[in-house]
Amino acid sequence: EHTIGNVPASSSLELLDLSHRYGRGDEWAIRGLTLGLRPGELAALLGPSGCGKTTVLKIVAGLLRPTGGDVLLDGVSIVGMPPERRGIAMVFQKPLLFPHMTVDANVGFGLRMRGISRREVSENVRTALARVQMAGFADRKPDELSGGQQQRVALARVLVTGPRLLLLDEPFSNLDAGLREEMRDLVKDLQGRYGYTTLFVTHDQTEAVVMADRIALLFDGRLQMHDSPKAFYERPASRRVARFFGATNFIPGRAKNGTVATSLGRLRPVRPAPPGDVTLTIRPEAVRLGPGENQFSARITRVTYLGTRVVCDLRAGDVRLRIELPPQTKLREGESIVAHLPAEALWSLED
Ligand code: ATP
């Protein structure tokens with residue numbers, strides 16, 4: 001029996017060619033999804049509303065049987081296994097708590113159902129509440145807690161059972177910005193300290209970047225890219241992926257002999273593009289002022305001061321570029337400048 005006293009083993013999770021269709025139509029909620037989580041990894045399942053995130057979590061938790069494919073926990077298929085035998089804990093957007101029970105009773109509920117001794121239950125509950133920084137709240141009822149505190153109790157309630165895998169379905173989206181940040185820190189801290197393998201769903205790319213070791217991005221039920229947050233910024237798989245991660249620059253051109261002819265001049269990206277029409281991309285914050293590799297001249301069409309940085313819109317030939325600079329940069333609209341695109345940040349897209 002796993003309990004919080006015996007720290008749970010972190011498990012690996014593999015989704016193999018997973019597909020799901022609700023009903024008999026030809027609309028697939030997810031299609032051919034293959035994805036792995038390493039033991040102890042914190043992974044984000046990211047994508048816009050309706051892309052299939054919740055469907056994936058429900059299949060992993062055992063609330064939904066996939067139309068096709070397999071789910072392996074530590075290398076063993078769990079597709080036919082009832083949810084309560086999987087050792088997988090799920091936390092939802094709305095904290096699931098019994099309103100008439102104290103925090104203490106709520107957190108201990110799962111263990112008491114298993115017939116564990118009172119002393120052991122109360123020790124485990126105390127440990128779980130301490131882990132989510134709710135030690136002083138054992139005697140309160142849920143309606144005497146804030147939304148963030150309720151979500152912490154909901155987390156303690158699943159941690160107390162010593163899960164092999166933690167699934168979080170947009171668990172912070174009902175909280176205001178400050179609390180959301182606190183909860184992100186808490187989940188990251190729990191993963192770092194106790195090694196929970198965690199899969200969390202979000203539609204917020206910032207949240208995925210801040211929290212995850214690796215991000216899996218889904219559009220229309222299909223995996224678009226699975227990599228580190230840094231790779232999503234620096235080496236996006238497609239235009240659509242690049243755009244999902246915020247404002248970025250696209251420069252059309254024609255590749256020949258490893259360089260790309262564009263209206264900014266001949267540019268050399270970090271990897272040689274295959275011959276033919278290509279699109280280069282670079283993040284606004286990666287563009288540098290002054291001479292250097294991939295140098296070009298441009299006119300400033302707009303300067304927007306944002307406190308922590310200055311955003312400048314540029315025009316160079318028929319290309320518009322956006323660049324971000326430190327807030328103390330002094331530039332004026334209408335001014336002509338020279339800037340450059342460091343090759344290590346200039347990426348050629350495959351589509
Ligand atoms: P959100 O962020 O809005 O929760 P999601 O990415 O979690 O979205 P899912 O809830 O997994 O997306 O839904 C994926 C697709 O499956 C959507 O097109 C949705 O309309 C459809 N869908 C979800 N649940 C059902 C259901 N019970 N019956 C029929 N279709 C469903």
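In what order do the four strands of the open sheet stand, and is their pairing parallel or antiparallel? The order is S2-S1-S4-S5, and the pairing is antiparallel. This report concerns a predicted model.

**The four-stranded sheet and its helix**

Strand S2 (30-37) and strand S5 (76-77) lie at the edges of this sheet; each has a single partner strand, so one side of each remains without a neighbour in the sheet. Helix H1 (residues 53-61) packs on the sheet, where it touches S1, S2 and S4. The direction of H1 makes about 120° with that of S1. Strand S1 (residues 13-20) is joined to strand S4 (residues 68-73) by five bridges, and the two run antiparallel. Within this pair, Leu13 of S1 stands opposite Leu73 in S4.

**Domains and annotation**

The domain assignment divides the protein chain into domain 1 (13-234) and domain 2 (247-348). Taken over C-alpha atoms, the centres of domain 1 and domain 2 are separated by 40 Å. An unreviewed UniProt entry carries the annotation "domain: ABC transporter", which covers residues 13-245. Over residues 13-245, the chain is 36% helix and 24% strand, and the C-alpha atoms at the two ends are 26 Å apart.

**The ligand shell**

The ligand is surrounded by Tyr22, Ala29, Gly47, Ser49, Gly50, Cys51, Gly52, Lys53, Thr54, Thr55 and His203. By class, this shell has three nonpolar residues, seven polar residues and one charged residue.

**The five-stranded sheet**

Five strands form an open sheet in the order S13-S12-S11-S14-S20, with antiparallel pairing. Its edge strands are strand S13 (265-267) and strand S20 (347-348), each of which pairs on one side only. Strand S12 (residues 259-262) pairs with S13 in the antiparallel sense over three bridges. Thr262 stands opposite Gly265 in S13.

**The S17-S18 hairpin**

S17 and S18 form a hairpin with two residues between them. In the turn, Gly317 has a positive phi of about 60°. Seven bridges join strand S17 (residues 310-316) to strand S18 (residues 319-325), and these strands run antiparallel. The bridge partner of Arg315 in S18 is Arg320.

**Strand pairs in summary**

In general, the strands of a sheet pair through backbone hydrogen bonds, either parallel or antiparallel. The table lists three pairs from this model.

| Strand pair | Bridges | Sense |
|---|---|---|
| S1 (residues 13-20) and S4 (residues 68-73) | five bridges | antiparallel |
| S12 (residues 259-262) and S13 | three bridges | antiparallel |
| S17 (residues 310-316) and S18 (residues 319-325) | seven bridges | antiparallel |

Note on methods
Residues are numbered from 1 along each chain as its sequence is written. This is a predicted model: local features need pLDDT of at least 70, side-chain atom pairs count only at pLDDT 80 or more; totals for chains, interfaces and linings use all residues. Two strands pair if DSSP finds at least two bridges between them. Two residues are in contact if their C-beta atoms, placed from the backbone, lie within 7 Å. Axes are lines fitted to C-alpha atoms, for helices over the stretch in contact, and angles run from 0 to 180 degrees between N-to-C directions. Domain bounds come from an automatic or database domain assignment. A residue is near a molecule or strand if its C-beta atom, placed from the backbone, lies within 6 Å of it. Ala, Val, Leu, Ile, Met, Phe, Trp, Tyr, Cys and Pro count as nonpolar, Asp, Glu, Lys and Arg as charged, and the others, Gly among them, as polar. UniProt positions are given in the numbering used here, feature names are shortened, and annotations may be inferred rather than shown by experiment.
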